[in-house]
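Please open the model in your viewer and keep the selection panel at hand, since this tour moves from one selection to the next and says what is found at each stop.

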Amino acid sequence: KKKVNVIGAGLAGCECAYQLAKRGVPVRLYEMKPGKKSPAHVSDLFAELVCSNSLRSDRICNAAGLLKEEMRLLESLIMQAADATSVAAGGALAVDREKFSAYITQAIREHGLIELLSEEVTDFSKFKEEMVIVASGPLTSQALSEAIKELTGQERLHFFDAAAPIVSASSIDMDSAFFASRYGRGSDYINCPMTREEYEEFYQALVTADCAELREFEHDGVFEGCMPVETMASRGHDTLLFGPLKPKGLTDPKTGREPFAVVQLRRENDVGSMYNIVGFQTHLKFPEQRRVFGLIPALKDAEYLRFGIMHRNTFLNSPRLLDRYYRLEKNPLIRFVGQITGVEGYVESTSSGLLGGIFAACEYLGKPLPDFDDETASGALCRYISGAVTGNFQPMNINFGIMRPLGQRIRNKEEKKTRIAERALEKLKTTIHHFGL
Ligand code: FAD
């Protein structure tokens, strides 16, 4: 009996395999770990979160929150895992990364219809007449990247992103820092306040610090949504004060006032022994990270459990290559899902894997393929990826701007977003019902 081959047991690949198996479709899931790991993957578990442990906002008036709610309606495995392993993070959904990945790994391993193969896929020849879904992510192995280039006729598949450092909780100076979430919404973050003078010294050090060299693809762009903190700083003296260092909504209990600048640290695990420096994705050299970030008073003796890194991102010019069911137009037996299609982020990659799994399952079972409307966040993202051909296709986070407008003016922004979100959830329920998903 034919199987559907999924390449990569990351966020998209696991969700995709699960959606197929859940519908009775047999799957062969290839994962190169633990034998071979990308520079950012360290765990032997599946669905590893390579940087932040946050799946972003959990409110539906935020587009990432809406996308997650839609995935819950579609019975996403990744969302089940996230909800079961969440850690306190204000209005965001953050997870204990070990428990999160362990939950997913177990669900995949124990599923009778998923056959696991621990090997690197290097070309497509072995799949013959079977369906293939490529979910190998932004750090797709070199050999497979070459095979994809050949398959798609693409010359360039890469550009660069950056990731934030993680410090141990015990090394943070709590005489200087304080617990709070913005606008009094709890106390989930550790906040590191800075005075004007401290900010000044930090800023000068940051914009003159030594960066790691980018060897390959030196002139490729950096994705705006994952901009290194030093790049953001170089845009202007006050830019950080409106970005990751904004003090708004935070009162230092020692002074009773809003500090001049605040660096926020977010929990990495549920016991709270590790924290990441929010928005501090960077490609400063490692000793420079210790020196420059050490100018933040609460981090002067910080122990770095992982330094920030610059990483490669691999993605296709999807609008030119894929149809609206994520099939390669040149060879419809091959699909692409996840970050490699040009969606950006954990949640977006998962959503792409989820829809890809549903499309492939329907096709395998000879059922009509569902169309997800751009009134839904899932559908809007799918259409962005596979829709109109644009000159310079860039990776995209989910946002309300790519969803269909309401068709009526509502001045209050929150209300407008909530209305779009409510419409989306209703629409999705109708689609689920109509196609028997
Ligand atoms: P992945 O989760 O990377 O899964 C791909 C899987 O395929 C991996 O397990 C890999 O080992 C396997 N694989 C690769 N090649 C082969 C092969 N040839 N054969 C077999 N298996 C293979 N997004 C956020 O929302 N927040 C963040 O903080 C964030 N930080 C990031 C930091 C880094 C360093 C990187 C690289 C990306 C980051 N992203 C972040 C972006 C993105 O959302 C994640 O990379 C996400 O994990 C992508 O999901 P995916 O399933 O497409 O790929």
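A nonpolar core, as the term is used here, is a set of buried Ala, Val, Leu, Ile, Met, Phe, Trp, Tyr and Cys residues joined through side-chain atoms within 4.5 Å. Please bear in mind throughout that this is a predicted model.

**First stop: the cores**

Begin with Leu20 and Phe124, which are the residues with the most contacts inside the largest nonpolar core, a set of 92 residues. Then add helix α10, residues 346-365, which gives the most to this core, with 9 residues. In soluble globular proteins, nonpolar side chains tend to be buried together.

Which residues does leucine 20 touch, if those up to four places away in sequence are not counted? Selecting around leucine 20 should bring up Val4, Val6, Val25 and Val27, together with Ile133, Gly357, Ala360 and Ala361. A second core, separate from this one, has 33 residues, and you can find it by selecting Ala169, Ala177, Leu206 and Val292, which are among its members.

**Second stop: the ligand**

Next, select the ligand and the residues around it: 31 residues surround the ligand, and the closest are Ala12, Glu31, Gln339, Gly345 and Tyr346. Three polar backbone positions are worth displaying one after another. At valine 121, a polar backbone atom is 2.9 Å from a nitrogen atom of the ligand. At glutamine 339, a polar backbone atom is 2.9 Å from an oxygen atom of the ligand, and at glycine 345 a backbone N or O atom lies 3.1 Å from a ligand oxygen atom.

On its own the ligand has 970 Å² of accessible area, of which the protein covers 96%. If you colour the shell by secondary structure, α1 (11-22) and α10 are the elements that give two or more residues to it. If you colour the shell by class instead, you will find 13 nonpolar, 13 polar and 5 charged residues.

**Third stop: glycine 10**

Now select glycine 10, in the loop between β1 (4-7) and α1. Glycine 10 counts as partly exposed because its relative accessibility is 23%, and the range for that class runs from 20% to 50%. Apart from neighbours within four places in sequence, glycine 10 is in contact with Glu31 and Ala47. A distance drawn between the C-alpha atoms of glycine 10 and alanine 135 should read 7.3 Å, although the two are 125 residues apart in sequence.

**Fourth stop: arginine 28 and proline 34**

Move to arginine 28, in strand β2. Is arginine 28 buried or exposed? Arginine 28 is buried, because its relative accessible area is 17% and the cut-off for buried is under 20%. With residues up to four places away in sequence left out, arginine 28 touches Lys3, Val4, Asn5, Val6, Glu115, Leu117 and Glu130. With glutamate 130 there is also a polar contact of 2.8 Å between the two side chains.

From β2 (27-30), follow the chain into the loop that leads to β3, where proline 34 has its place. The peptide bond from lysine 33 to proline 34 is cis, with omega near -5°.

**Fifth stop: helix α2 and what follows it**

Select residues 63-73, which make up helix α2, and note that the helix is mostly covered, with 8 of its 11 residues buried. The buried residues are Ala63, Ala64, Gly65, Leu66, Leu67, Lys68, Glu70 and Met71. To see what covers them, show β3 (54-57), α3 (77-84), β5 (92-95), α10, α11 (377-386) and α12 (413-435), which are among the covering elements. At the start of α2, a side-chain oxygen of asparagine 62 reaches to within 2.8 Å of the backbone nitrogen of alanine 64.

Glutamate 75 comes after the helix, in the loop between α2 and α3, and has a positive phi of about 55° although it is not a glycine. Glutamate 75 is partly exposed, with a relative accessible area of 45%.

**Last stop: tyrosine 326**

Finish with tyrosine 326, in the loop between α9 (318-321) and β16 (327-328). Its phi is near 65°, a positive value in a residue other than glycine. Tyrosine 326 counts as buried, at 2% relative accessibility.

Note on methods
Residues numbered from 1 in each chain as written. Predicted model: local features only at pLDDT ≥ 70, side-chain atom pairs only at ≥ 80, totals over all residues. Heavy atoms only, no water. Buried < 20%, exposed > 50% of the residue type's maximum accessible area, 1.4 Å probe, protein only. Helix = DSSP H or I, 4+ residues; strand = E, 2+ residues; numbered from the N terminus. Contact = heavy atoms within 4.5 Å. Polar contact = N/O pair within 3.5 Å; in protein donor to acceptor, adjacent residues only side chain to side chain. Near = heavy atom within 4 Å. Areas by Shrake-Rupley, 256 points an atom, 1.4 Å probe, with all protein chains shown as cover. Nonpolar A, V, L, I, M, F, W, Y, C, P; charged D, E, K, R; others polar.
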